[in-house]
Amino acid sequence: MANPVYGTLALVRAVYVLAREGVFAAFPTDGLPPGALLMHGVARLMARGSAEDRASSDNLSRALHRLGPSYVKLGQFLATRPDIVGPDIARALGSLQDKVPPFPREQAVAEIETTLGRKVEDLFIDLGEVVGAASIAQVYKARIRNEDGTERIAAVKVIRPGIRSQFRRELEAFGFIARFLERFVRSSRRLRPVAIVQTLAQSTKIEMDLRLEAAASSEMADNTADDLDFRVPRIDWERTGRDVLTMEWIEGIKMNDVAAVAAAGHDLKQLGVTVVQSFLRHAMRDGFFHADMHQGNLFVAPDGAIVAVDLGIVGRLSDNSKRFLAEILYGFIRRDYRRVAELHFEAGYVPRNQDVASFAQALRAIGEPIYGQPAETISMGHLLSLLFEVTELFDMETRPELILLQKTMVVVEGVARTFDPKFNMWVAAEPVVSDYIMNELGPAAKLRDARAGIEAVARLARRLPDFAVGLDVLSTQLPELIENGLRLNDDTLVELVKDSKTSIVFGHIERSIIALALVGIAAALIFG
């Protein structure tokens with residue numbers, strides 16, 4: 001838990017920097033009460049001389065960079081949450097770039113040697129130069145000698161020294177501010193700021209342990225082994241530790257260079273479809289997805305496959321969440337708003353005191369405008385913002401487990417649109433969602449469920465002899481138990497203490513309990 005004094009100071013510093021960079025001065029004043037107008041005037045006086053003449057998005061970006069890398073991460077995170085910050089600020093935050101100057105090479109060498117316990121010369125022929133630097137880590141292009149004497153190229157990612165303690169302090173301050181909001185600002189409770197900060201803290205903690213990123217990449221490699229159009233780099237576990245990650249070097253074109261991808265002869269429209277369908281397939285089929293799928297983390301390989309890197313942030317969905325997601329998307333695709341509404345109630349996302357029909361009506365107001373529109377005007381991001389408005393109307397709490405999913409869905413749609421401005425998210429999603437529905441909810445799924453039920457009955461049948469023994473014991477001992485109760489004399493206690501095989505005792509108890517349950521069921525059937 002954050003020190004209250006440190007949390008208060010962090011809050012004051014953040015407010016000061018935001019005011020100084022002209023962020024508050026750029027807010028509109030229409031409808032503000034007198035107190036807020038006074039504070040707005042003070043913020044205008046505090047703003048830098050030229051800050052008010054610049055775009056508010058530049059002011060906000062500059063302020064967050066000045067506050068520190070964790071604030072940039074928070075800004076990127078909130079860019080996907082227009083329900084919290086509003087659509088205008090969300091758009092401004094969407095342009096934040098996590099780029100910082102690289103740290104010195106000698107620090108990187110020290111991190112590598114400390115983490116892996118070997119000299120850098122023994123690990124690499126040549127560590128090479130920095131090819132990318134961010135707030136948490138930076139990447140080198142290195143050469144490695146194989147056992148047969150040949151060479152290969154690898155990407156080596158090294159954690160920035162001291163970054164963990166810095167993030168820990170700032171995330172604790174975020175937690176203090178979130179608790180303050182939940183306690184004193186009633187309207188913020190529906191948005192669950194504490195849960196949001198906890199989600200951000202957990203994802204950042206995982207991102208800073210490169211072993212976990214390597215494990216995530218390995219898991220996704222297993223999940224996508226049969227996918228022809230998507231893969232991830234192979235991990236070099238010998239040269240991987242908490243602060244160092246070594247992986248296959250990807251020879252491909254970054255997807256943020258659309259012109260180069262087109263010049264290489266790749267099908268741009270198909271790449272957009274592949275990105276979206278891969279994400280949905282990972283989320284619904286595997287329950288495990290890359291949660292940072294922006295263009296800088298995606299490459300197009302020479303064979304046209306998409307290669308994803310930087311799996312420091314991943315998301316997981318339970319079986320229930322996967323089914324919920326698939327049926328929600330399927331309901332919107334099929335325009336079955338009643339079913340979508342019922343799913344929200346069945347999942348407990350909407351309070352029971354709300355009306356299903358009214359909720360379905362609100363969902364119809366969101367879904368119907370999509371149909372008949374040109375493909376380029378249909379935006380998943382806009383749909384999500386409308387859904388957030390509906391959730392507020394019906395007292396639906398924000399679900400922390402879906403935050404990363406919502407973020408990634410918006411980002412993936414944006415990637416697809418850079419390759420096809422007329423990209424239709426719903427048309428691309430329909431085959432993947434339909435396949436999931438058929439596999440998990442269709443006849444094949446019902447057959448699997450029936451088989452599981454038969455296997456459960458068979459296991460129960462194999463236990464019938466034990467049940468019969470229990471019933472026999474019960475029939476002979478129950479009258480005495482009813483009349484005299486359970487008695488343990490001294491000799492019995494001594495025998496129990498001497499018996500080291502306590503499982504025998506528990507086995508008798510278990511059979512007696514099962515027998516009692518069967519008698520109860522039988523009595524209910526006979527006399528009920």
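How much space lies in the second largest cavity? About 30 Å³, and this is a predicted model, so take the numbers as computed ones. The protein chain runs to 528 residues, of which 43% count as buried. Here's a quick tour, from the chain overall to a cavity, a helix, two loop residues and two buried side chains.

**The chain overall**

- Secondary structure comes to 23 helices and 10 strands in the protein chain.
- Take the contacts with a separation of 6 or more: 68% of them come from residues 24 or more positions apart.
- About 28200 Å² of the protein chain is exposed, and carbon and sulfur atoms supply 57% of that.

**The second largest cavity**

- Rolling a probe the size of a water molecule over the atoms shows where empty space is left.
- Here the count comes to two cavities of 30 Å³ or more, and the second largest has about 30 Å³ of space.
- Its lining is made up of Glu 213, Ser 217, Pro 233, Ile 235, Leu 245, Met 247, Val 309, Asp 310 and Leu 311.
- By type, that lining splits into six nonpolar residues, one polar and two charged.
- Helix H11 (210-223) and strand S5 (244-248) each put at least two residues into the lining.

**Asp 310 and Arg 335: positive phi**

- Most residues other than glycine have a negative phi, and most peptide bonds are trans.
- Asp 310 goes the other way, with a positive phi near 60°.
- You'll find Asp 310 in the loop between strand S9 (306-308) and strand S10 (314-316), and this residue is also part of the lining of the second largest cavity.
- Arg 335 isn't a glycine either, yet its phi is positive, at about 60°.
- Arg 335 sits in the loop between helix H14 (319-334) and helix H15 (337-346).
- With a relative accessibility of 41%, Arg 335 falls between the 20% and 50% cut-offs, so it counts as partly exposed.

**Helix H10**

- Helix H10 covers residues 193-207, 15 residues in all, and at 1.5 Å a residue it should span 21 Å; the C-alpha atoms at its ends are 21 Å apart, so the two agree.
- Its buried residues are Pro 193, Val 194, Ala 195, Ile 196, Val 197, Thr 199, Leu 200, Ser 203, Thr 204 and Glu 207.
- An α-helix has 3.6 residues a turn, so residues three or four places apart point the same way.

**Leu 329, in helix H14**

- Leu 329 belongs to helix H14.
- Its relative accessible area is 6%, which is under 20%, so Leu 329 is buried.
- Setting aside neighbours within four places in sequence, Leu 329 is in contact with Leu 280, Trp 426 and Val 433.
- Leu 329 and Trp 426 are 97 residues apart in sequence, while their C-alpha atoms are 8.5 Å apart in space.

**Thr 408, in helix H18**

- Thr 408 is part of helix H18, which takes in residues 403-419.
- Thr 408 has just 1% relative accessibility, so it counts as buried.
- Not counting residues up to four places away in sequence, Thr 408 touches Phe 279, Phe 289, His 290, Ala 291 and Met 293.
- Of these partners, Phe 279 is 129 residues from Thr 408 along the chain, and their C-alpha atoms are separated by 8.4 Å.

Key: Residues are numbered from 1 along each chain as its sequence is written. This is a predicted model: local features need pLDDT of at least 70, side-chain atom pairs count only at pLDDT 80 or more; totals for chains, interfaces and linings use all residues. Side-chain values use heavy atoms; hydrogens and water are left out. On a 1 Å grid over the protein atoms alone, a cavity is a set of points where a 1.4 Å probe fits but cannot get out, and a pocket is an open set with protein on both sides within 12 Å along at least five of seven lines; lining residues have an atom within 4 Å of a point. Grid points are joined across faces, edges and corners, and a volume is the space filled by probe spheres set on the points. Helices (H or I, at least four residues) and strands (E, at least two) are DSSP runs, numbered from the N terminus. Ala, Val, Leu, Ile, Met, Phe, Trp, Tyr, Cys and Pro count as nonpolar, Asp, Glu, Lys and Arg as charged, and the others, Gly among them, as polar. Buried means under 20% relative accessible area, exposed over 50%, partly exposed in between (1.4 Å probe, protein chains only). Contact means heavy atoms within 4.5 Å. Accessible areas come from the Shrake-Rupley method with a 1.4 Å probe; for residues, only the protein chains shown count as cover. The expected span of a helix is 1.5 Å times one less than its number of residues.
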